[in-house]
Amino acid sequence: MLVMTENVAAFDRWIRGGFRDLNTELENLYFAQADRAAVAGVGVDIKRRLLEEGRTLLIPLLREGNTDEGFDRGFDLLGNVGLYMAACERHEITLHTREQVSPLHEASALAMQLGASLGVTPRFATSHLTTHNRAVDGRYKSFTTLKDEFIFTDYNARGILGYKRVADALVRALPMGVSHPVTGDLLTVARDALYDVARHNSRLFELLDVDRFFYCVRPYFKPHRVGLHVYRGANAGDFAGINIIDMLLGLCQADHAYYSQLLVDKFLYMMPEDQALLRDCMRRESLMNSFLEQLDAGQGGETFRANLAIFLEVCAAHGRTAAQHHDELVNKYIARPAESLKEEHHENLTASGPPLPVLLKALEKLRDLRLAANRDDIPSRYKDIQRLKVFAGA
C-alpha cells in the first residue's frame, strides 16, 4: 500500500473519479459530432472545470514539495500530474504548437521536480497506465470510463508482461551458453511467452473499436509541453524488455546508428531499473553471434543443434509479433483512419511527434529488422539466419 499525504490522496481520488468523468463527457461530445476530431469550442464549461479542479488540487501539492516518501509514491504522483497535463493537451486547453511555455505552471513545476528526482521524463509514461497502475477496488487509473480504453490498456499490459518474461529468460540463458541443456528450457519459455504476446495482440485487434481508439483513446498519448520543453507522447514500447529481446537475439544491434538513436530517445521514458537493465544488455554478446561462433569453431553437437532449433523458433515468433504490431495495429488503427482525417487535424497526429509517413517508414524498418527480412539497406541478419537454418535442418 502506497503511503500518501492527504494532498496526494485528494489528487489521486480526483484522478480516479471526477477527472475521469469529465474526460468521458468530453469524449462523448466529440464522438457525437460529424467531425469527431474537432475539439476547439466544444464542451467549454467542462474543460474549465477540468483545468480549475486540477489546479486547485495541485497548488497545495506544490507547496508541500518533495516529502521523500519513496520512489513508488513519487512515481505514482508523477503519473497523476502527467495524466492531468496530457488531458489538457488532448482537449486543447493547452497546445504545445501554440505556446512557448506551458500555461500549467503548477503542474509543470511539480512534474519537473518529480521527474528530476526520480530519473525519468517529467510526464506520464506507459508504465503509469500499465505495469505500475495500482488498482483500487478492481479499477485502475484511466483517462476515461470508455470500454475501449480499458481494452487497450488491459492487452497492452499483458503484452508488456509477456515481453518481460521473454527478456528475463534470454538474460538468464546468457551465462549458461548456447550449448547448455537448460538453455533449451529457457528458450522454450521465451518462445511460449512470445506466442502469448501474439495471442493477446490478436484478441486486442478483435475487441478494440477502430473509431473509438483513433478518436477517443489515441489523442491522450500526444506530445505536450512541460515548462519550456515539449516531450513526446507515451509509447507502448517504452520498457526495456522489447529491446533486450532485439539485442540478445541479435536481430538488432546497439552499435547501429538507427537503433542506438531509438534506445537513446526512450531511456528516460522507462523505469530506472529498466534503464539499468538495458544499459547492461547493450554490452552483451547476442545469442545469435554465440551460435555462429560455435558453429565456426565446429562445436555444433546434439544439444547445440536442439537449442539452435528452438532459438530460430524464438526469432520467428519475435518477428511475427513485430509484424502484427505494424501490419495490424499501426495500419488498422492509425494509418487507415488518418486517411479520412481533415488536413487541419494532421498536425500532431502521432505520439512521437514526426509526421505519420515518417513514423510509418521508421516502424517498417524496425519491423523488418525484427523479421530479419531480406533487405540490403538495413543491417538485417537475414543471411545469418539462413545459415543457421541450414545447419539446424529447418
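**Exercise 1.** List the residues in contact with Phe-11, leaving aside its neighbours within four places in sequence.

*Solution.* Contact means heavy atoms within 4.5 Å. With that cut-off, the partners of Phe-11 are Gly-54, Leu-57, Leu-58, Leu-61, Leu-77, Asn-80, Val-81 and Tyr-84.

The model is predicted: local features need pLDDT of at least 70, side-chain atom pairs count only at pLDDT 80 or more, and totals for chains, interfaces and linings use all residues. Residues are numbered from 1 along each chain as its sequence is written, and side-chain values use heavy atoms, with hydrogens and water left out.

**Exercise 2.** Find which helix gives the most residues to the largest nonpolar core.

*Solution.* A nonpolar core is a set of buried (under 20% relative accessible area; exposed is over 50%, partly exposed in between; 1.4 Å probe, protein chains only) Ala, Val, Leu, Ile, Met, Phe, Trp, Tyr and Cys residues joined through side-chain atoms within 4.5 Å. The largest one has 61 residues, and Phe-11, Val-81 and Tyr-84 have the most contacts inside it. Helix H4 (residues 71–90) gives the most, with 10 residues. Helices are DSSP runs (H or I, at least four residues), numbered from the N terminus.

**Exercise 3.** Describe the salt bridge between Glu-106 and Arg-55.

*Solution.* A salt bridge needs a side-chain nitrogen of Lys or Arg within 4 Å of a carboxyl oxygen of Asp or Glu. Here the N to O distance is 3.0 Å. Glu-106 lies in helix H5 (residues 105–118) and Arg-55 in helix H3 (residues 44–64), so the pair ties together parts 51 residues apart in sequence. Glu-106 is buried at 16% relative accessibility, whereas Arg-55 is partly exposed at 35%.

Notes:
Helix = DSSP H or I, 4+ residues; strand = E, 2+ residues; numbered from the N terminus.
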